[in-house]
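User: I would like to go through this structure by question and answer. Please keep the reasoning short and end each answer on what I asked for.

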Amino acid sequence: MSCAALLGLRASRLLRAAARPPPWSRRRSAGCEPPAGAAVRIGCASGFWGDTAAAVPQLLYGGKLDFLVFDYLSEITMSLLTATKARSPLLGYTPDFVSAAMAPYIKDIHRKGVRVISNAGGINPLACAAALQEVAKKADVDLKIAVVAGDDLMSEKENLKGAGITDLETGKQFPESVHSMNVYLGARPISRALDLGADIVVTGRCVDSGIVLGPLIHSFGWNRDEFDLLAAGSLAGHLIECGAQCTGGIFTDWHAVPDWHNIGFPIVECSSEGDFILSKPPDTGGLISFGTVAEQLVYELGNPQRYLLPDVTCDFSEVSITEIPGFDGGAVKVHGAKGSPPSTFYKVNATYLDGFRATAVCPVGGPKAVQKGKRTAESILQRTRLIFSQLGYEDYSAVNIQVLGSEDTYGPHARRSIDGHGPREAVIWLAVHHKQKEAVEIFSREIAPAGTGMAPGLTGIVGGRPRVSPVLKPFFFYYPKSNVQINLYLNGQHVETFEEDLTFTSDEVVPFDPPKISSELKDLPSGPHTYRLEDLAYTRSGDKGNSANIGVIARHPLYYPYLKKTLTAQALENYFQHLLEQEKPEEELVTRYELPGIHGLNFVLKNSLGGGGIASLRSDPQGKALGQMLLDFQIKNVPDLKSLIE
């Protein structure tokens with residue numbers, strides 16, 4: 001679809017009401033500058049819907065905060081919230097934000113003057129704000145609650161159907177039946193809501209880092225063309241948006257992280273010049289170090305030189321992370337983010353209904369547990385297929401059998417143990433997908449009979465009879481910013497239509513040119529030693545749609561050349577071949593990027609998650625374990641690398 005066609009879809013209906021300029025909107029004046037040397041402290045109390053309630057009091061009473069932010073949304077969460085709103089127009093937001101995060105502490109939040117920003121609005125931010133207003137009313141506190149709305153594009157569904165839009169990942173045509181459609185908004189509407197005096201800002205879908213960049217723009221008056229500053233603020237958001245993941249959570253060296261039960265949540269203290277210190281409240285568990293923060297830098301990252309956001313295109317490849325001594329639990333200074341103009345388009349995540357699914361999880365014990373588990377799963381599928389043929393149903397669209405404990409996900413790298421007979425405890429993971437709900441309901445009913453008519457040692461069904469749920473698949477595309485109408489509400493009243501300024505934007509396509517292997521790498525000394533990757537590097541993996549990324553960071557700069565030489569894109573593709581799904585002949589499924597600032601590599605694995613998110617039938621639909629699996633990769637024929645740093 002051409003840009004001109006997209007630009008014309010809603011242009012005639014856009015409101016062009018002139019928004020009141022924020023204090024520092026165009027050029028800073030002396031009266032609008034924040035005090036010289038002033039820093040802004042922002043704490044993140046939630047990295048996803050379901051995060052611990054312990055984070056709020058920890059940050060509120062020990063963080064000395066200016067802003068408290070909550071990130072709840074992911075592609076999977078948006079699918080779930082879409083389903084809840086379909087049941088009731090009053091739902092569609094994350095209720096935990098209102099009942100668990102805000103209600104118990106709203107008086108102290110008001111008393112301390114801490115301002116709150118959250119994307120808890122999901123697909124129904126006005127309902128979220130209304131529920132929050134009721135909480136404030138019961139607590140007898142006067143709070144200005146703002147809503148940023150406009151990310152929902154469902155009203156444009158019919159116009160988009162014939163517009164030739166294709167999915168960014170798969171190239172598939174725009175789906176006939178769309179369940180939800182949300183724009184990833186940027187930080188400026190949040191900043192504007194704060195300019196208008198909001199104490200709490202509730203958004204729908206926005207980029208996760210925007211909940212941190214928004215208050216920084218508001219506080220420092222960063223202009224639209226100060227791209228390095230906007231990139232630095234976005235990096236601060238990227239690092240803390242997942243809560244405890246940057247303070248020792250899921251760290252490669254997990255055994256070195258103390259007091260998980262009281263893990264500290266992150267705080268960034270940002271200067272107007274873009275540098276920031278990342279720390280956590282005193283007397284909390286967890287760990288902040290080069291390794292913990294560098295791992296989070298590469299989490300869910302694509303090309304680190306072209307990290308596309310609505311407000312800025314970021315280059316994180318030369319970012320440096322320096323440990324600061326003297327902080328309880330550790331702290332780091334982060335520096336070096338670079339920025340360039342953003343595009344004139346927003347990214348959009350649509351979902352569409354693609355049949356139904358269910359997953360049965362059943363522990364099995366005793367000798368030959370793996371063999372019993374596999375035969376049980378296969379027999380359940382055989383029985384249900386027999387019933388399908390009798391009732392006239394089609395076969396399953398997809399099935400997935402795994403026996404957890406047998407290292408199925410490792411493919412050819414699996415290790416067989418215990419006298420060659422495998423483990424004596426295992427867990428059946430049996431997931432199915434079918435176009436018809438009734439067929440999946442048959443599957444669900446046929447799990448329990450295995451407990452009396454199949455293998456001995458089947459101890460139960462985790463969670464009871466498998467739940468049948470709709471499969472909402474993601475569909476990503478770009479949409480012109482000029483066609484999106486963003487509305488700001490304050491205490492339930494519409495106060496402003498926010499309009500994106502497209503003056504400082506660029507749609508120039510920058511092709512990726514993989515770095516060539518330098519002569520320095522070709523001339524690296526060799527030797528008789530072999531190391532597991534874990535000896536030399538940290539790893540972390542994440543997901544975007546049906547792609548996964550694995551970041552690898554050298555534990556010491558002297559190890560980095562050996563990682564670059566050995567861990568090629570082809571080496572990773574070979575290692576994970578059993579998980580990759582090739583759709584086209586000769587298709588390259590792994591791309592490698594370099595982050596020399598942290599002596600890191602980032603690998604993007606295309607078609608590696610079995611559909612990803614809710615659409616995947618695998619036990620690891622978000623690629624969380626891929627980085628851990630890579631730790632056993634062997635770096636061979638190298639010198640005694642440990643002696644280089646002693």
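User: How many bridges join strand 9 to strand 10?

Analyst: This is a predicted model. Strand 10 covers residues 313-315 and runs antiparallel to strand 9. In this pairing, Tyr 307 has Cys 314 of strand 10 as its bridge partner. The number of bridges joining the two strands is 2.

User: Which strands stand at the edges of the open sheet with the order 9-10-13?

Analyst: The sheet has 3 strands, and their pairing is antiparallel. A strand at the edge has a single partner strand, so one of its sides is left without a neighbour in the sheet. That applies to strand 9 (307-308) and strand 13 (338-340).

User: At about what angle does helix 10 run to strand 13?

Analyst: Helix 10 is made of residues 227-240. The helix lies across strand 9, strand 10 and strand 13. Its angle to strand 13 is about 120°.

User: In what order do the strands of the 11-stranded open sheet come?

Analyst: The pairing in this sheet is mixed. Strand 11 (320-323) and strand 19 (493-498) each have a single partner strand, so these two stand at the edges. From one strand to the next, the twist averages 20°. The order is 11-12-8-7-1-2-3-6-4-18-19.

User: Which residue stands opposite Val 116?

Analyst: Strand 3 (residues 115-118) pairs with strand 6 (residues 200-203). The two run in the parallel sense, over 3 bridges. Opposite Val 116, in strand 6, stands Ile 200.

User: Which strands does helix 2 touch?

Analyst: Helix 2 spans residues 55-62 and packs on the sheet. Its direction makes about 165° with that of strand 2 (67-70). The strands it touches are strand 1, strand 2 and strand 7.

User: Which residue in the turn of the hairpin of strand 7 and strand 8 has a positive phi?

Analyst: Strand 7 and strand 8 (residues 276-279) pair in the antiparallel sense over 4 bridges, and Cys 270 stands opposite Phe 276 of strand 8. The hairpin has 4 residues between its strands. The residue in the turn with a positive phi, about 100°, is Gly 274.

User: Over how many bridges do strand 1 and strand 7 pair?

Analyst: Strand 1 is residues 39-44 and strand 7 is residues 267-271. Ala 39 stands opposite Ser 271 in strand 7. The pairing is in the antiparallel sense, and the number of bridges is 5.

User: At roughly what angle do the axes of helix 8 and helix 9 cross?

Analyst: Helix 8 (residues 188-195) and helix 9 (residues 210-220) have axes that come within 7 Å. The angle of their crossing makes helix 8 oblique to helix 9, and the crossing is right-handed. The contact includes Ile 190 and Leu 194 of helix 8 and Gly 214 and Ile 217 of helix 9. The axes cross at roughly 45°.

User: Is Arg 111 buried or exposed?

Analyst: The side chain of Arg 111 meets that of Asp 108 in a salt bridge of 3.2 Å, N to O. Both residues lie in helix 5 (residues 106-112), 3 residues apart, about one turn of the helix. Asp 108, at 21% relative accessibility, counts as partly exposed. Arg 111 has a relative accessible area of 56%, so it is exposed.

User: What is the relative accessibility of Arg 205?

Analyst: Arg 205 and Asp 208 meet through their side chains in a salt bridge (3.4 Å, N to O). Asp 208 is buried, with a relative accessible area of 15%. Arg 205 counts as buried too, at a value of 3%.

User: How many residues apart in sequence are the parts that Glu 446 and Arg 383 tie together?

Analyst: Glu 446 and Arg 383 form a salt bridge, with the closest N and O atoms 3.7 Å apart. Glu 446 counts as buried at 18% relative accessibility, while Arg 383 is partly exposed at 34%. Glu 446 lies in the loop between helix 13 (437-445) and helix 14 (450-453) and Arg 383 in helix 12 (residues 369-391), so the parts they tie together are apart in sequence by 63 residues.

User: Which residues are joined into one network by salt bridges that share partners?

Analyst: The count of salt bridges comes to 21. Some of them share partners and so form one network. Its members are Arg 415, Arg 532, Glu 534 and Asp 632.

How values were computed:
Residues numbered from 1 in each chain as written. Predicted model: local features only at pLDDT ≥ 70, side-chain atom pairs only at ≥ 80, totals over all residues. Heavy atoms only, no water. Salt bridge = Lys/Arg side-chain N within 4 Å of Asp/Glu carboxyl O. Buried < 20%, exposed > 50% of the residue type's maximum accessible area, 1.4 Å probe, protein only. Pairing = 2+ DSSP bridges. Contact = heavy atoms within 4.5 Å. Axes fitted to C-alpha atoms, helices over the stretch in contact; angles between N-to-C directions. Parallel < 35°, antiparallel > 145°, perpendicular 65-115°, else oblique. Left-handed = near helix turned anticlockwise from the far one by under 90°.
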